[in-house]
Amino acid sequence: MVRLTRAQQQARTRAAVLDAAVEEFAEFGYADAKIDRIAARAELTRGAVYSNFAGKRALYLAVLLDYGPSSVAPPAADLPEIIPVVAAAEGFARAWLEHLPFAGDTAAGGRLRSRSVTGVFDDEPGRAAVTEITRLEALLVALALEACPPTAGRRVRLAELILTLLHGADHLAGAAPGFGDLFDVTRACGHLAGIDLTDEWDPPHLPFVRPAELCDVPWEPADGVTDDGLLVILGTARLGAAEEAVRAAGPDDRVTVAVVSGDPAETGALVRLRLTAVSACLRRALPPGVARPLHIDLDDGPALAAAIAASFATTDASATAVGDDTETAVRIRNGRIVARASGRGAGHAAAIALRAGGTGQP
């Protein structure tokens with residue numbers, strides 16, 4: 001009999017816990033699930049469960065990420081190179097609604113199928129994180145819709161309306177199974193594109209953002225972003241600031257937002273769960289050639305933040321700290337950092353630093 005290495009044994013224990021947790025959550029739901037029962041199902045001790053997961057919330061999120069419907073969807077097929085915004089909105093809604101529970105599912109099983117986090121993040125920090133994640137979701141959807149004709153400006157308010165309708169359908173599918181017609185919901189999302197929402201972008205604080213520092217230092221990340229463009233590190237409490245970087249960036253700029261969290265196992269896992277699901281729906285709804293000006297990096301945030309700090313050997317706590325309130329940005333050109341900013345509005349400041357007559361300070 002081959003003896004397992006420590007890493008192999010840990011992987012086997014983790015897999016056994018996850019298998020048992022799927023059964024427990026599907027039967028009892030998140031609120032009524034018990035760690036003791038999960039340990040018993042896995043034929044492990046309570047300590048073995050906690051050695052792999054910090055608590056029930058972290059375990060539930062791990063189940064949703066590992067055992068829920070795949071978030072890696074194939075690109076859209078058989079779509080024209082250009083699709084109107086109404087068709088894009090309907091396609092996104094159709095892809096979103098596919099994950100809803102079936103009418104015959106139990107309440108607990110339906111929430112697991114739909115990857116629902118209802119009741120999981122009811123504390124104030126959790127609610128604040130969900131708000132910021134939803135703002136970033138809306139931005140991703142809006143940027144996709146803005147690339148579709150007829151040409152229009154900002155479509156974030158449209159994206160927010162679509163997400164409001166879809167999240168409502170998600171909630172009702174669990175609370176009142178069989179209520180409503182999902183085809184009507186899909187068509188309604190398309191009709192929303194015809195509403196004149198007078199969507200404008202003019203945050204009052206941006207004129208008062210501290211200017212970026214102009215510089216010329218090597219960019220040597222241990223992993224992740226190497227291309228020229230704008231790199232913004234955002235904590236989970238500051239995800240809404242992604243739009244500040246996108247709107248200030250030039251038309252040819254590659255904008256990357258790397259996400260960091262003070263609690264990777266819970267808040268960080270929630271970010272991954274939600275954003276990968278939205279990205280999968282967008283891939284299903286839009287032709288592969290549709291340009292997306294914002295790239296989200298969910299893997300390399302801490303390494304990229306450390307690389308920025310090392311490049312400057314800074315003692316600025318706002319630039320070196322990595323947590324939920326992190327907001328740091330750099331502009332990379334030809335393998336070098338040429339502008340850098342930290343604190344509120346960092347993405348905006350770094351984006352405009354090199355502009356003619358810009359506000360960057362050497």
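1. Let's start with the cysteines. The sulfur of C189 sits 11 Å from the closest cysteine sulfur, which belongs to C281, and that is too far for a bond. A disulfide is a covalent bond between the sulfur atoms of two cysteines. For a pair to count here, the two sulfurs have to be within 2.5 Å, so the 11 Å gap at C189 rules it out. As for exposure, C189 is buried, and its relative accessible area is 0%. Keep in mind as you read on that this is a predicted model.

2. How many disulfides does the structure hold? Zero. C148 is another cysteine to look at: it takes part in no disulfide, and the nearest cysteine sulfur, the one in C189, is 14 Å away. C148 counts as buried too, because its relative accessibility is 3% and the limit for buried is under 20%.

3. Now the helices. Two packed helices are described by the angle between their axes and the distance between the axes. Take α1 (residues 6–32) and α2 (residues 35–42): their axes come within 8 Å and cross at roughly 145°. The crossing of α1 past α2 is right-handed. On the α1 side, the residues that meet α2 are A16, V17, A20, A21, E23, E24, F25, E27, F28 and D32. On the α2 side you'll find R37, I38, R41 and A42. Sorted by class, this contact has eight nonpolar residues and six charged ones, with no polar residues. Try picking out the charged ones in the viewer; E23 of α1 and R37 of α2 are part of the contact.

4. Next, α5 (residues 85–97) and α8 (residues 156–175). At what angle do α5 and α8 pack? The angle is about 30°, and the axes are 11 Å apart. That makes α5 roughly parallel to α8, because angles under 35 degrees count as roughly parallel. The crossing of α5 and α8 is right-handed. From α5, the contact uses V85, A89, F92, A93, W96 and L97. From α8, it uses L158, I162, L163, L166, H167 and A169. The split by class is eleven nonpolar residues, one polar and no charged. So if you were expecting charged residues in the contact of α5 with α8, there are none.

5. While you're at α5, have a look at G91, which is in that helix. Is G91 buried or exposed? Buried, because its relative accessible area is 10%. G91 also makes a nice example of sequence distance against distance in space: R187 is 96 residues away along the chain, but the two C-alpha atoms are separated by 9.5 Å.

6. V255 is another one to click on. You'll find it in strand β3 (residues 255–260). With a relative accessible area of 2%, V255 is buried. Which residues does V255 contact, leaving aside its neighbours within four places in sequence? They are L230, A245, V246, A249, P293, L294 and H295. For a long-range pair, try V255 with N52: the two are 203 residues apart in sequence, and their C-alpha atoms lie 35 Å apart.

7. E266 deserves a minute as well. Its place is in helix α11 (residues 264–285). E266 is buried, at 13% relative accessible area. Once its neighbours within four places in sequence are set aside, E266 is in contact with R57, A58, L61 and F121.

8. Finally, a few backbone details to check. The peptide bond running from P149 to P150 is cis, and its omega is near 5°. P150 belongs to the loop between α7 (124–146) and α8.

9. There are also positive phi values outside glycine. R115 has phi near 60° and is not a glycine. It lies in the loop between α6 (107–113) and α7. N334 isn't a glycine either, yet its phi is positive, at about 55°. That residue is in the loop between β5 (327–333) and β6 (336–342). Are R115 and N334 buried or exposed? R115 is buried, with a relative accessible area of 12%, whereas N334 counts as exposed, at 65% relative accessibility.

Methods. Residues are numbered from 1 along each chain as its sequence is written. This is a predicted model: local features need pLDDT of at least 70, side-chain atom pairs count only at pLDDT 80 or more; totals for chains, interfaces and linings use all residues. Side-chain values use heavy atoms; hydrogens and water are left out. Axes are lines fitted to C-alpha atoms, for helices over the stretch in contact, and angles run from 0 to 180 degrees between N-to-C directions. Helices (H or I, at least four residues) and strands (E, at least two) are DSSP runs, numbered from the N terminus. A crossing is left-handed if the near helix is turned anticlockwise from the far one by less than a right angle, and right-handed if clockwise. Contact means heavy atoms within 4.5 Å. Ala, Val, Leu, Ile, Met, Phe, Trp, Tyr, Cys and Pro count as nonpolar, Asp, Glu, Lys and Arg as charged, and the others, Gly among them, as polar. Angles under 35 degrees count as roughly parallel, over 145 as roughly antiparallel, 65 to 115 as roughly perpendicular and the rest as oblique. Buried means under 20% relative accessible area, exposed over 50%, partly exposed in between (1.4 Å probe, protein chains only).
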